[in-house]
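Biologist: Got a minute to walk me through this one? I'd like to start with what you mean by a term before we get to residues.
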Amino acid sequence: MREAIIRTISGLLYISILVASILHDELVFISLFYLLGLVCLIEMQKLLHLKSYALYAVQALLFYLFSYLKFNPDATVLLLFITIFVNLFLVKDLMVVQKIPVFEKKKYIIIIFYLISSVIFLTLLPTIHGFFRPDLIVGIFILIWTNDTFAYIVGKNFGRNKLFERISPKKTIEGFLGGLVFSGIASFFIFYYTQFLSFPLWLGMAIILSVFGTLGDLIQSKFKRQAGVKDSGKLMPGHGGLFDRLDSIIFASPFVYAYLYLLNYVS
């Protein structure tokens, strides 16, 4: 009971800080995610048994150029292409190989594009239409939280068939489908209350976030299994590390960005 209370308070504090920063202004939102990304970078290096101060400089430089300055649209598209390519390669490694190969050079590639640049695209999402829309990024977080919550509830009560047992024994196909369905329902209410973007666009985001959010969670679970740890850190009482809480949305963010970018480009 005490653990559940601690977990609830920790989760509510995390959500409150997140939403307050988003609603305040773009600079506060980007700055917060720079700090959150920094913590995730520390936790990720521990998982990969790597200690590189150069990666902190890389994170600061990339954030400054892409998140703060938004200096070159073509460079952003190139970064997006590379990030999605690396993330899809990790999906391949998740499905095919027993262990994700993390030899020295690949560790740097994984951290820069799987983690750092994915967080950058998360900060770019609310300005993808040329102006800051806090309701867009709040809606995206609501979708990922809805997916995670109902995947857990449905999986715990109705789960029978394992989704990816050798990586995450508790995840079930029923849980995944429950998260997908309820995030789809949530997308309608987000559309209804924000009146920003159409319902089909929000529904598309819900599907992308459910699918790639689940894959991101599984990939991080595989990294933790390879590292022989249960959690990526201990920053959030009752939840584990910060990366444990953000792994889904971090991994899904470049795919959501590509989805909105292509639709914006076509229209």
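Modeller: Sure. This is a predicted model, and I call a residue buried when its relative accessible area is under 20%, exposed when over 50%, and partly exposed in between.

Biologist: OK, so is S253 buried or exposed?

Modeller: S253 counts as buried, because its relative accessibility is 2% and the cut-off for buried is under 20%. S253 is part of helix α9.

Biologist: What does S253 touch?

Modeller: Leaving out residues up to four places away in sequence, S253 touches S118, F121, L122 and L125.

Biologist: And which backbone oxygen lies 2.9 Å from a polar atom of the S253 side chain?

Modeller: That's the backbone oxygen of I250.

Biologist: Switching to pockets. What's the volume of the second largest pocket?

Modeller: About 230 Å³.

Biologist: Which residues line that second largest pocket?

Modeller: The lining is made of K70, N72, P73, D74, T76, V77, L124, T127, I128, Y257 and Y261. Two elements, α4 (73–96) and α9 (242–266), each give two or more residues to that lining.

Biologist: Which element gives the most to the lining?

Modeller: α4 does, with four residues.

Biologist: And how does the lining split by class?

Modeller: Six residues are nonpolar, three are polar and two are charged.

Biologist: Next topic, helix α7. How many residues does α7 have, and how far does it reach?

Modeller: α7 covers residues 173–194, so to speak a run of 22 residues. From first C-alpha to last, α7 reaches 31 Å, close to the 32 Å expected at 1.5 Å a residue.

Biologist: Which residues of α7 are buried?

Modeller: G175, F176, G178, G179, S183, G184, A186, S187 and I190.

Biologist: What do those buried residues pack against?

Modeller: The buried residues of α7 pack against two helices, α6 (134–158) and α8 (199–227), plus the strands β1 (162–164) and β2 (168–172).

Biologist: What follows α7?

Modeller: Q195 does, and the phi of Q195 is positive, near 55°.

Biologist: Last one: where is V19?

Modeller: V19 sits in helix α1, which runs over residues 2–24. With a relative accessible area of 23%, V19 is partly exposed.

Biologist: And how far apart are V19 and V138, in sequence and in space?

Modeller: V19 and V138 are 119 residues apart in sequence, while their C-alpha atoms are 6.9 Å apart in space.

Conventions
Residues numbered from 1 in each chain as written. Predicted model: local features only at pLDDT ≥ 70, side-chain atom pairs only at ≥ 80, totals over all residues. Heavy atoms only, no water. 1 Å grid on protein atoms, 1.4 Å probe; cavity = no way out; pocket = protein on both sides within 12 Å on 5 of 7 lines; lining within 4 Å. Points joined across faces, edges and corners; volume = space filled by probe spheres on them. Nonpolar A, V, L, I, M, F, W, Y, C, P; charged D, E, K, R; others polar. Expected span 1.5 Å × (residues − 1). Buried < 20%, exposed > 50% of the residue type's maximum accessible area, 1.4 Å probe, protein only. Contact = heavy atoms within 4.5 Å. Polar contact = N/O pair within 3.5 Å; in protein donor to acceptor, adjacent residues only side chain to side chain.
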